[in-house]
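Hello,

Here is the structure I promised to pass on to you. Have a look at it first, and then read on for what turned up in it.

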Amino acid sequence: MSALNIEESTTALVTEQAPDNKTKRYDRQLRLWAASGQNALESSRILVISGTATSTSILKNLVLPGIGQFTILDSTKVTPEDAGNNFFLEGPSSIGKSRAEEAVRLLSELNDGVEGKADLRSLEEVLEKDKEWLSEFTIVIAHNLEAALLDKLSGLLWEDQGFPSLVVVRSAGFLAEFYIQYHEHTVIESHPETAQSLRLDKPFPSLLDYSMSLDFENMDVTDHAHVPYLFILVRLLEEWKKTHNGSPPATYAEKKEFKKSILSMRKKHDEENFEEAEAQAYRAWTPTTVPSDISALFTDPKVLSLTDSSPPFYHLVYALSKFVEDQPYHALPLTSTLPDIKASTDSYIHLQKLYKARAEEEKQIFKSYLKVPVEEDMVDAFLKNSHALKLLRGKKWGALEADKEALVSAIETAPKQLSTHLALTALTSLAAKNQPNAPLTPTVEDLTAEAQTLLPPGTDLPDEFPDAVGEVARSPTADLPNTAALLGGLVAQEVIKMITKQYIPINGYCIVDLIETWTGIL
């Protein structure tokens, strides 16, 4: 039995027209982030700094799902090295041409619904003469930027919350990392694995009344085998409480006895709905509470200092806190989404109607606590996911290097991840000291000495550091196609999470090691 509203689902099959070309094209991803997520993607503007193999691989995985527009900022010409490792250049025929223009031309062929632009200015020029231009974008992605430029860019984007988030990507040979710089990121549709509580321990009046009205003794055998387990559990729990001082089963023996009473109601041994009720019996004695990370949001400074201009998320959290505080159940608002249940169509629809009616009542109560108007779709999504809201607060790029205690702690907790990060950071530092246009050929000794300066005096590098630094010394400037391909998928996935505000993006450095084939978070 579907978890969707059956009446709406069956009606839609008859009345809906055939899907348009856009729906057909994006069918699979619409199942992941729905129309709201797709609309956010199509409204996004992405800036990618440099047209490297990694940059174009990231863009490929953003163009295909249908971002609105992308710009490649790159003043360089295509080199033979570029032509040899970048799939979005046409080999030798692209050499000497603008790398940005060539990449945009070929990337645009992937999706005619996406606009691509090439900007031939240098990042230095933009930072000096046209900083405000950066505010036009939804997110900025930078690959292997020079240290000075990266520090200047990250500082600019961090100083004003009106500027976009920054994704910093660094790679050398088979090692890589990326980091998302953002002030805060709110997620309503986090797509959790756990569903909202059915509140069987605190049944609403119509659910309780109907469950108690069922005449199981005189019920037809067929109907008896198709009573939804929710009705069974509510009925038995209420009867249990009458003989146990109003308390649900608490001890192991009581829970075992409660389960036994469920199976004793069967008229036939193959009644799957009663077996399902036994399997789901924990729902009856598990108290419905507000998750701790949700209740923590109620005391967030931005909720406590709410103004009319506060983002809708904080207004919704405030209304949720008032709902929980004022309503007798002291629980989150009910939703009409039900799990798959062994039941007849009629009984399932009736159950769905009970939950839908109650959810609508509680929605109206919830809306009465809102201090400003909020779009109906956002309210619906918020209530459906109120048990799994997320508020992430990020840090500026480079904050880890400034936190010596965190570096020392990471030596113990994530030595492999830290080793790769230190090796890549040492490479960036040495490159900044290199003579302009001189080949970058750092030795293991040079990189090790530079990495050591990042740690507090007297702190040894992780034991795993020699493995990481050896790869960086071997291929300091290699933008390998297979590393670029994996980074393209990983980074694009996190960028899509940021744009759609669905699912939970990483909060830290994502480290990639294609020698030992692992990824980790630092």
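**A strand covered on both faces**

Strand E5 has both of its faces covered: Ser165, Val167, Val169 and Ser171 are buried on one side, and Leu166, Val168, Arg170 and Ala172 are buried on the other. In a regular strand, side chains alternate between the two faces of the sheet. Counted along residues 165-172, eight of the eight residues of E5 are buried. Please keep in mind that this is a predicted model.

E5 has a partner in strand E4 (residues 139-143), and the two pair in the parallel sense over five bridges. One pair to look for is Ala142 with its bridge partner in E5, Val168.

**The chain as a whole**

Now a step back, to help you find your way around. The chain has 522 residues, and buried residues make up 50% of them. Its secondary structure comes to 25 helices and 10 strands. The C-alpha trace spans about 90 × 60 × 50 Å along its principal axes. Among contacts between residues at least 6 apart in sequence, 73% join residues at least 24 apart.

Thr23 gives you an example from the start of the numbering. Thr23 sits in helix H2 (residues 21-25), and it counts as partly exposed because its relative accessibility is 30%. Ile496 is 473 residues away from Thr23 along the chain, yet 18 Å separates their C-alpha atoms.

There is also a record to mention. UniProt, in an unreviewed entry, lists residues 26-141 as "domain: THIF-type NAD/FAD binding fold". In this model that span is 43% helix and 16% strand, and its end C-alpha atoms lie 24 Å apart.

**Two nonpolar cores**

Which residues touch the most other members of the largest nonpolar core? They are Ile49, Leu134 and Leu153, in a core of 50 residues. Helix H22 (residues 415-433) gives the most to this core, with seven residues. Apart from it lies another core, of 37 residues, and Leu41, Leu106, Val169 and Met498 are among them. You have met Val169 already, as one of the buried residues of E5.

Leu134 is worth a closer look. Leaving aside neighbours within four places in sequence, Leu134 is in contact with Leu47, Val126, Leu127, Leu153, Leu156, Leu157, Phe163 and Pro164.

**Strands E6, E9 and E10**

Strand E9 (residues 509-513) is mostly covered as well, with five of its five residues buried. Tyr509, Ile511 and Asp513 point one way from E9, while Cys510 and Val512 point the other way.

E9 pairs with two strands described here. With E6 it runs antiparallel, joined by five bridges, and Ala176 has Val512 as its bridge partner in E9. With strand E10 (residues 518-521), E9 pairs in the antiparallel sense over four bridges, and the bridge partner of Cys510 in E10 is Ile521. E9 and E10 form a hairpin with four residues between the strands, where Thr517 takes a positive phi near 55 degrees.

Strand E6 (residues 175-181) also holds Gln181. Is Gln181 buried or exposed? At 2% relative accessibility, Gln181 counts as buried. A polar atom of its side chain lies 2.9 Å from the backbone nitrogen of Trp397. Not counting residues up to four places away in sequence, Gln181 touches Ser154, Leu157, Trp158, Ser165, Leu166, Lys395, Lys396 and Trp397.

**An enclosed helix**

Last comes helix H17 (residues 312-326), which has 15 residues and reaches 21 Å from its first C-alpha to its last, close to the 21 Å expected at 1.5 Å a residue. Why is H17 described as largely enclosed by the rest of the structure? Because 11 of its 15 residues are buried. Among them are Phe313, Tyr314, Leu316, Tyr318 and Phe323. The buried residues of H17 pack against several elements, including strand E7 (184-187), helix H18 (345-368), helix H19 (376-384) and strand E8 (390-393).

His315 lies in H17 too, and at 1% relative accessibility it counts as buried. Leaving aside its neighbours within four places in sequence, His315 is in contact with Leu306, Thr307, Asp308, Ser310, Leu370, Lys371 and Val372.

Happy exploring, and best wishes!

Conventions: Residues are numbered from 1 along each chain as its sequence is written. This is a predicted model: local features need pLDDT of at least 70, side-chain atom pairs count only at pLDDT 80 or more; totals for chains, interfaces and linings use all residues. Side-chain values use heavy atoms; hydrogens and water are left out. Buried means under 20% relative accessible area, exposed over 50%, partly exposed in between (1.4 Å probe, protein chains only). A polar contact is a pair of N or O atoms within 3.5 Å; within protein, one must be able to donate a hydrogen and the other to accept it, and residues adjacent in sequence count only if both atoms are side-chain atoms. Contact means heavy atoms within 4.5 Å. A nonpolar core is a set of buried Ala, Val, Leu, Ile, Met, Phe, Trp, Tyr and Cys residues joined through side-chain atoms within 4.5 Å. Two strands pair if DSSP finds at least two bridges between them. UniProt positions are given in the numbering used here, feature names are shortened, and annotations may be inferred rather than shown by experiment. The expected span of a helix is 1.5 Å times one less than its number of residues.
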